[in-house]
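This note sets out several points for a colleague who is new to the structure. Please read them with the sequence and the model at hand.

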Amino acid sequence: MDQRPGDERADEAADATPTPDDGTPWWGTGAAATQCEGAAPRADWAGWEADGLVPPSRDGNGFRTRYADDLELFAAHGLRRYRLTVEWARLEPHEGRWNTEEVDHLVAVLRAARAAGVEVWACLLHGTAPGWFTDDRRGWLDDKAARLDWPRHVDRVAEAIGDLVAGWIPIHDPDLQARLGFLDGVFPPGRRDEDDHRDARAALRRAEDEAARLLHGPHPVAVALRTDDPAREAGDLLVVNAVVPEVERALERAADAAPDAELLVVVGDPDTSVDHDERGARLRRARATVDEAARGGLAVRGAFVLPAVDGYEWHRGFDAHLGLFDRDRNPRPAVAELAPAG
């Protein structure tokens, strides 16, 4: 793989100015890659689009070409952490063939984030995977694919961008990914089988723990909280995934299951029945809940609100307007609720 000289990249990391942190939970944003840049041509989701199973994602919200301006926009509104999904299907569209042009694009995005003063947490899997992995190799039901192809991908990503990120989230909610793809059948591979769901869930959990082991190093790794197995030795932080109205209950479960763990919160508000003023009010209450939990002794480092900008919302296409910013990059009321105090 063609890469820039290591010493040049190290200089970039050394010159970076860390974002001040007074211990109050910070708030950032982010999105799945498909939501903000459209499905990768060789992704399993692109295959579903071609078969007419889901609406076409086109260019998502245009982040792929507008990333520099978007990152500056987020920073200008006090959102100085961004959860970027690294799209496996772009980096390895064909099995064993690493796309160096996509690596260069990814590095350019991360450099733009650094220039804007935005710290990036890289998520390595959120909703989609290469078609060759999901369809040709049976994905998480194929022991070789799960145990060899995934760790190889994790290692390559770490080598390519490890000095340009602030942290890692290996998999966005592994249990949810297993349920959607292997029990509910609404995400690739579209299975509806309890045995497959059980096996895929176990494989995704192993994959998350293996990625945490491989990524362990100077930057923190955040893995999903498992209330049935909270004490496992995997990541440096535990991720609490919740919809905005349920943040309080989610934090209570985290406090019961892992009272001494350091936490990240990832929230969204998929309810399209409320207007944007009410959505902002919900987020205000969620932020107050997180801050109160932190003052009460729960170690909440920060939170990500997804998605950043209106874009593609999976089965709903472009009809659900859930972003902190609209597609024209106008801020919604919720943005003001996330601005740093003072």
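Which element gives the most to the lining of the largest pocket?

1. The model under discussion is predicted. In it, α9 gives the most to the lining of the largest pocket, contributing eight residues. Helix α9 spans 174-182. At least two lining residues each are also supplied by other elements, including α10 (194-215), β6 (237-243) and α11 (247-257).

2. The space in the largest pocket amounts to about 1200 Å³. Its lining comprises 50 residues, of which H172, D173, L176, L180 and N241 are the closest to the centre. By character, the lining divides into 24 nonpolar, 13 polar and 13 charged residues.

3. D173 deserves separate attention. The residue is placed in the loop between β4 (167-169) and α9, and its phi is positive, at about 50°, although D173 is not a glycine. With a relative accessible area of 18%, D173 counts as buried, because the cut-off for that class is under 20%.

4. A positive phi also occurs at R329, about 75°, and this residue is likewise not a glycine. R329 belongs to the loop between β8 and α13. Its relative accessible area is 8%, so R329 is buried.

5. Two cis peptide bonds should be checked in the display. One joins P188 and P189, with omega about 10°; P189 lies in the loop between α9 and α10. Another joins L306 and P307, with omega about -5°; P307 is situated in the loop between β8 (299-305) and α13 (333-338).

Technical notes
Residues numbered from 1 in each chain as written. Predicted model: local features only at pLDDT ≥ 70, side-chain atom pairs only at ≥ 80, totals over all residues. Heavy atoms only, no water. 1 Å grid on protein atoms, 1.4 Å probe; cavity = no way out; pocket = protein on both sides within 12 Å on 5 of 7 lines; lining within 4 Å. Points joined across faces, edges and corners; volume = space filled by probe spheres on them. Helix = DSSP H or I, 4+ residues; strand = E, 2+ residues; numbered from the N terminus. Nonpolar A, V, L, I, M, F, W, Y, C, P; charged D, E, K, R; others polar. Buried < 20%, exposed > 50% of the residue type's maximum accessible area, 1.4 Å probe, protein only.
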